[in-house]
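Work through the following exercises with the coordinates open beside you. Each one sets a task and then gives a solution in steps.

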Amino acid sequence: MPKTRAARTPGAATRAVHAGEVHHGIGGPVAVPVVQTSTFTFKSVEEMKRWAEGRSRADIYTRYGNPTLRVAEAKLAALEEGEAALVTASGMAAISSTLLTLVGAGEEIIATRYLYGGTYRLLRDYLPRLGLRVNYVETDLGGVEQLVTPRTRVLYTETPTNPTLHVVDLRRAVALAHRSRLTAVVDNTFATPVLQKPLTLGFDAVVHSATKYLGGHSDIIAGAVVGRRALVERVRQTVIHFGGSMDPWAGYLLIRGIKSLEPRVRRQSETALTVARFLEKHPRVARVHYPGLRSHSEHRLARRQMQGGFGGMLAFDHKNGLAGARRFCQRIQVFLLAASLGGAESLAVLPLYTSHYKMSPKELAAAGVSPGTVRLSVGLEDPADLIADLKQALG
Ligand code: PLP
């Protein structure tokens, strides 16, 4: 971090740019070097022995650690205000490794019902095969205490939720979790640490699909876990042994993305609010899901817990259901028809055919997804061009 004369803690944008980087003065590179290697030489057999005995922290193999990845981790810890961070090969690697670290066979998780479809499938199809039980609550967290048993270990949540932007009360989630001695974990992908910092509210761990806003350019698959050091180091061991480690080149692109996170998210939040207000007045739109709108059922909560914006993600229900939503998606030109989110390009998808594919009507209803729901990821284009595109595609 740069030395400042005034005794001032650097702001979030400054931390994103500088954290984890060492500039050695005249002649050194400003950009972070990519240490693109799978393995590292030992200085001596004695050092090899010291490593085996846990007395040396030398890098020996990139699945265990790498200098480029450590810079990304320092930035994420600084941004989320956590003690430590860990980067992973994908958001799902971060989520699965965190849960497998915290919960074992015969133990239980309580999760909010509205989750990214991939996370929901992990909880529905894979964790039960390992003897882990998952119980669900609504996003208002009603009934958590009644579901806690002596075997419950984790309260897992996501806010705002993918794809229908429900907002979970982070303070209430932490209070409920800690009253029952549960580890509180939240997926902070949609909000990013620019808009909310769950660790500062008491959460034990934050997970991310760094593929999205943190990477910011739709060119990597990446994940992250941030939280208390002891917890992060336990998850690191799980990642090392299950193999979900990040590649250094992805780490370099993640670092590059994080440097511009703050201005990107602020601009995307502003444009998303403009887009949401436009859609809300459009006769072909039945409902807009965006926490920045007064009409959103959790708007007051979102205002309390999100700072400086409500994020770049929104969804809307087409008045003509699936047929209308399909037609809209066929006609868009500036928005691209693509899954994922958080990049420079605005994207549109039908959750029915992407994150929530092959789900029963009951599961879709429980996830708040209707066949006519369209999810939009607002990018960095001129807001006027996005509005014009929406107008023509809905027209
Ligand atoms: N969490 C959320 C909220 C997501 O939207 C996604 C992916 O879309 C994930 C986790 C999974 O991340 P990844 O695709 O990087 O594994």
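**Exercise 1.** Determine how many cavities of 30 Å³ or more the structure holds, and describe the lining of the largest cavity.

*Solution.* The model is a predicted one, and a search of it finds 1 cavity of 30 Å³ or more. The next step is the volume, and the largest cavity contains about 30 Å³ of space. Turning to the lining, one finds Ala-12, Leu-79, Pro-193, Val-194, Lys-197 and Glu-262 around the largest cavity. Sorted by class, this lining consists of 4 nonpolar and 2 charged residues, with no polar residue among them.

**Exercise 2.** Locate the ligand and characterise the shell of residues around the ligand.

*Solution.* Begin with the site: the ligand sits in the second largest pocket. There are 13 residues around the ligand, of which Met-92, Asp-187, Ser-209, Thr-211 and Lys-212 come nearest. By class, the shell divides into 4 nonpolar, 6 polar and 3 charged residues, while helix α4, which spans residues 91-102, supplies the largest share of the shell with 3 residues.

**Exercise 3.** Identify polar contacts of the ligand's oxygen atoms, and state what percentage of the ligand's area the protein buries.

*Solution.* Applying a cut-off of 3.5 Å between N or O atoms, take the backbone first: a polar backbone atom of Gly-91 lies 2.9 Å from an oxygen atom of the ligand. Among side chains, Asn-162 places a polar atom 2.9 Å from a ligand oxygen, and an N or O atom in the side chain of Thr-211 is 2.6 Å from an oxygen atom of the ligand. Finally, the ligand taken alone exposes 390 Å², and the protein buries 91% of that area.

Definitions and conventions
Residues numbered from 1 in each chain as written. Predicted model: local features only at pLDDT ≥ 70, side-chain atom pairs only at ≥ 80, totals over all residues. Heavy atoms only, no water. Near = heavy atom within 4 Å. Polar contact = N/O pair within 3.5 Å; in protein donor to acceptor, adjacent residues only side chain to side chain. Areas by Shrake-Rupley, 256 points an atom, 1.4 Å probe, with all protein chains shown as cover. 1 Å grid on protein atoms, 1.4 Å probe; cavity = no way out; pocket = protein on both sides within 12 Å on 5 of 7 lines; lining within 4 Å. Sits in = over half its atoms within 2 Å of the grid points. Helix = DSSP H or I, 4+ residues; strand = E, 2+ residues; numbered from the N terminus. Nonpolar A, V, L, I, M, F, W, Y, C, P; charged D, E, K, R; others polar. Points joined across faces, edges and corners; volume = space filled by probe spheres on them.
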